[in-house]
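User: Could you walk me through how to read cysteines and sheets in a model like this one?

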Amino acid sequence: MAHKKQTLGEFIIENQTSFKYSSGELSSLLNSIRLAAKIVNHEVNKAGLVDIVGSVGDVNIQGEDQQKLDVYANNKFIQTLTNRNIVCGIASEEEDDFISVNSRDENHQNKYIVLIDPLDGSSNIDVNVSVGTIFSIYRRKTPVGQPVTLDDFLQKGSQQVAAGYIIYGTSTMLVYTTGDGVNGFTLNPALGSFYLSHPNMKFPEDGKICSVNEGNYTHFPQGVKNYIKYCQKEEDDRPYTFRYIGSLVSDFHRNMIKGGIYLYPKSSLLEEGKLRLLYECNPMAFLAEQANGKASDGYRRILDIQPTELHQRVPFICGSKNMVETCEAFIREVE
Ligand code: P6P
């Protein structure tokens, strides 16, 4: 008889005690993310059927065309997190400024803040390619019981207490860490429950997949160009396969399972790269390191970077440890 798989709810409760701040609030916070994931998944899966696809006409702080599902996912996560009265602050790719959550009880003791990219890769929605939600959780730095400040959000990635993503792909998965390894849960849509399908996920130390938008090749720094040519050279275990979905969560997820590297380097077009430090790179870097992988900007460990702005960008190189270190060596070689 197949062993009954543990549900996400059971797993959260069982592992609550191993979490050094186990006050039950983080469990409740993770459960609210679980709920929001199911709600957004339902809409994403029927996006082609109702007039929810296509742009809403607005643009967000990124200057990107805001897809209706972006707005929907953003609203659902904010609503779910706010209603549960657990967090004291929220920041989102879709919100110009952070949101101070003054719960009904003005003297609330809420100590967690959440930063989200509610629907990453949303330009893929209209072409039915998988997209994802990315979340990052910290304890506030300022004393409880008062509105959060920007400093509560500008914490180094090494201070995260939890991080994860939901990937709305051929199946919907929630993958997260609280600093004690990475675990993946697959949604059974018939039951509406997430089941532990990928316990203790690890990046293979080496891989043969490279994920980068080669359309930007001519604009890359020489070291990055040299690394890409190295990956394509007929030698040893190369050439590598080049797979780039245009959805960070999807490329990251496949590379974690199979081994690989994802690059969004700086270029003459984007001096700091494209990806956002606080709600894309930091949570993915936390997951990568918890899965024996690595994440840097080419020079610095992502989790050590001191943020200065809510929406700041950083160059991002992430995946199998040996591949990231080889890429860093090529970058430093031409300094
Ligand atoms: P480009 C999606 O907008 C995203 O943030 C990542 O998910 C993805 O890897 C990247 O940008 C795609 O960017 O410039 O290659 O289209």
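Analyst: Sure. Let's begin with the cysteines: a disulfide is counted when two cysteine sulfur atoms lie within 2.5 Å. Keep in mind that this is a predicted model.

User: How many disulfides does that rule give here?

Analyst: First, the general idea: a disulfide is a covalent bond that joins the sulfur atoms of two cysteines. Here the count is zero. Take Cys210: its nearest cysteine sulfur belongs to Cys231, 4.4 Å away, and Cys210 is in no disulfide.

User: And why is Cys281 without a bond?

Analyst: The closest cysteine sulfur to that of Cys281 sits in Cys318, and at 8.4 Å it is too far for a bond.

User: Is Cys281 buried or exposed?

Analyst: Buried, because its relative accessible area is 0%. Cys210 counts as buried too, at 0% relative accessibility.

User: Now the sheet. In what order do the strands run?

Analyst: In general, strands of a sheet pair through backbone hydrogen bonds, parallel or antiparallel. In this model, eight strands make an open sheet with mixed pairing, ordered E4-E3-E5-E6-E7-E8-E9-E10. E4 (99-100) and E10 (193-198) are at the edges with a single partner strand each, so one side of each has no neighbour in the sheet.

User: What packs on the sheet?

Analyst: Helix H7 (residues 277-290) does, touching E3, E5, E6, E7, E8 and E9, and its direction makes about 85° with that of E6.

User: How do E7 and E8 pair?

Analyst: E7 (residues 162-168) and E8 (residues 172-177) are antiparallel, paired over six bridges. Ile166 stands opposite Leu174 in E8.

Note on methods: Residues are numbered from 1 along each chain as its sequence is written. This is a predicted model: local features need pLDDT of at least 70, side-chain atom pairs count only at pLDDT 80 or more; totals for chains, interfaces and linings use all residues. Side-chain values use heavy atoms; hydrogens and water are left out. Two strands pair if DSSP finds at least two bridges between them. Helices (H or I, at least four residues) and strands (E, at least two) are DSSP runs, numbered from the N terminus. Contact means heavy atoms within 4.5 Å. Axes are lines fitted to C-alpha atoms, for helices over the stretch in contact, and angles run from 0 to 180 degrees between N-to-C directions. Buried means under 20% relative accessible area, exposed over 50%, partly exposed in between (1.4 Å probe, protein chains only).
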